[in-house]
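This briefing covers one strand with its pairing partners, followed by the disulfide. Please have the sequence and the structure open while reading.

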Amino acid sequence: MLDATTAARRPRPVRALIAAGAAAVLATATLTIPTPATAAVSRAELALRWAPIHYQDVDATGSHALSGRSDYLTRVDFDGDLNGRNNWDRAGQTGVSFAAHAYYSVVETNTHWYITYLFFHPRDWTDHPFFETEHENDGEGALFAIERDGSAYGVLRSAVTVAHSDFFSYTPAGSTWTSGGESIDGTLRFQASPHDTFTHPVTAQEAQGHGLKAHPQYDINGDGLVYYPSTVAETPSGGNDRDVRYQLIDIFAADGLWAQRANPSLFAGLGTFAGDTSGDCGVGTWSCSTNSANAPWGWDDGDDAPARGEIASDPAKLAAAYFTVPSGLARTYSYNPYAGAAAALAEAARTATPTVD
C-alpha cells in the first residue's frame with residue numbers, strides 16, 4: 001500500500017508531470033482523467049469521474065491541531081506502516097506524508113453503480129476540555145448511486161453521507177429519486193473542476209470531528225482546503241490552500257484496505273480501525289477513546305433499517321430503504337467483492353460494539 005507520492009507541494013508546472021505512485025493506488029498507473037467515450041469505462045475511471053470536489057474546514061488552534069494538519073486528508077499508511085495504533089503520535093512527527101488521498105469501492109447491479117468514498121484523517125480531535133472526546137484515526141465518507149442509463153458514466157441519482165453515527169441523504173436537482181423510508185436532507189450540488197472537463201458533486205467535512213455532509217451544509221469557516229479529484233496526490237501548501245488535487249485508492253486493490261481487514265495492527269475488528277490512547281490523545285480534554293473509527297464496511301446509522309456496513313456491502317438495500325425510485329432498482333449484484341465475506345459482516349453487524357466516529 002505504500003507509494004512514492006509523498007513529496008511536498010511543487011509548483012504547478014512541475015506537479016502536472018508527476019505520475020501516480022504504487023500499484024495499490026489505482027488498478028493502472030497510466031489512468032488519466034476520463035473523457036466521455038462510447039466504450040465501457042473501467043471502475044477506476046467511473047470512480048474518478050464521480051469523485052467529489054471536497055471542502056475541508058481547517059482549525060489550527062491548539063496543540064492537537066498540528067497547525068491545521070490534523071484536518072488534512074491522507075492515507076492510512078501516511079507514516080509508512082500499517083499500524084493504526086501509532087497514527088496519532090506519528091501525525092505530529094517529521095517524515096510523514098499528508099499527500100491527499102481518498103479510498104473508493106464500486107459495487108454493481110444491472111441497473112446501478114454504487115460508489116463508496118472513504119476520507120481518512122489520522123486524528124479526530126478537539127481543542128477544549130468540556131465533555132468532548134477525541135480518538136486516533138477517523139474514517140467518514142459517502143455513497144453515490146449512479147443509474148446506468150446507457151451513457152458512459154451514467155447519471156448520479158443520490159448521495160448518502162456519513163457524519164459520525166448518522167447518515168444524511170441528498171439528491172441532485174432534477175433527480176427522479178424522492179424521499180422513501182428516510183427524508184431527504186438537502187440538495188447535492190455540482191461544481192466544475194479546473195482539472196478535468198466534468199462537473200462533480202460537492203461534499204464537505206467539518207474541522208476536528210470531520211463529519212461529512214453535502215456542501216454547504218458543512219463549509220469552510222476561515223481557513224480550509226478544497227480538494228479536487230485527480231490522478232496525482234498533492235500536499236497542501238498550508239491550511240488555506242483552495243486547490244489541492246487528491247488521488248483515489250481502490251479499497252479492493254492488491255494488499256489494499258479490504259485485503260488488510262484481518263490485520264490486527266490496522267483493525268481491532270471487522271470494519272473498526274485499531275486505535276489506542278498513546279501520546280497526548282485526550283490530554284486537555286474530556287477523554288481519548290479507543291478503536292473508535294470505522295472503515296466503510298463498519299459504518300452504521302443506529303436508527304435506520306440497513307445493518308452495520310451495508311452502506312458499502314449492500315448499497316442497493318440502503319438505496320431502496322432510503323429513497324423512492326420510480327424506475328426501480330435491481331437487488332442482485334453483478335459485481336460485489338464484499339459478498340464473499342457476507343457471513344462475517346453479518347456477524348460483525350450483530351456483535352460489534354457500536355462506535356461513534
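A residue counts as buried when its relative accessible area is under 20%. The model is predicted. By the cut-off for buried residues, 9 of the 9 residues of strand S2 (residues 101–109) are buried, so S2 is largely enclosed by the rest of the structure.

**Side chains of S2**

- His101, Tyr103, Ser105, Val107 and Thr109 point one way from S2.
- Ala102, Tyr104, Val106 and Glu108 point the other way, and the residues of both sets are all buried.

**Strands paired with S2**

- Strand S3 (residues 112–124) runs antiparallel to S2 and is joined to it by 6 bridges.
- A hairpin of 2 residues links S2 to S3, and Ser105 stands opposite Thr116 in S3.
- Strand S13 (residues 244–250) pairs with S2 in the parallel sense, over 4 bridges.
- Tyr103 of S2 has Ile249 as its bridge partner in S13.
- Strand S19 (residues 333–335) is antiparallel to S2, with 2 bridges between them.
- Glu108 of S2 has Tyr335 as its bridge partner in S19.
- Tyr103 and Glu108, which point in opposite ways from S2, are thus listed with partners in S13 and S19 respectively.

**Disulfide**

- The count comes to 1 disulfide, taking sulfur atoms within 2.5 Å as the rule.
- Cys281 and Cys288 form a disulfide, with their sulfur atoms 2.0 Å apart.
- The link of Cys281 and Cys288 is right-handed, with 90° about the S-S bond.
- Both Cys281 and Cys288 are buried.

How values were computed
Residues numbered from 1 in each chain as written. Predicted model: local features only at pLDDT ≥ 70, side-chain atom pairs only at ≥ 80, totals over all residues. Heavy atoms only, no water. Buried < 20%, exposed > 50% of the residue type's maximum accessible area, 1.4 Å probe, protein only. Pairing = 2+ DSSP bridges.
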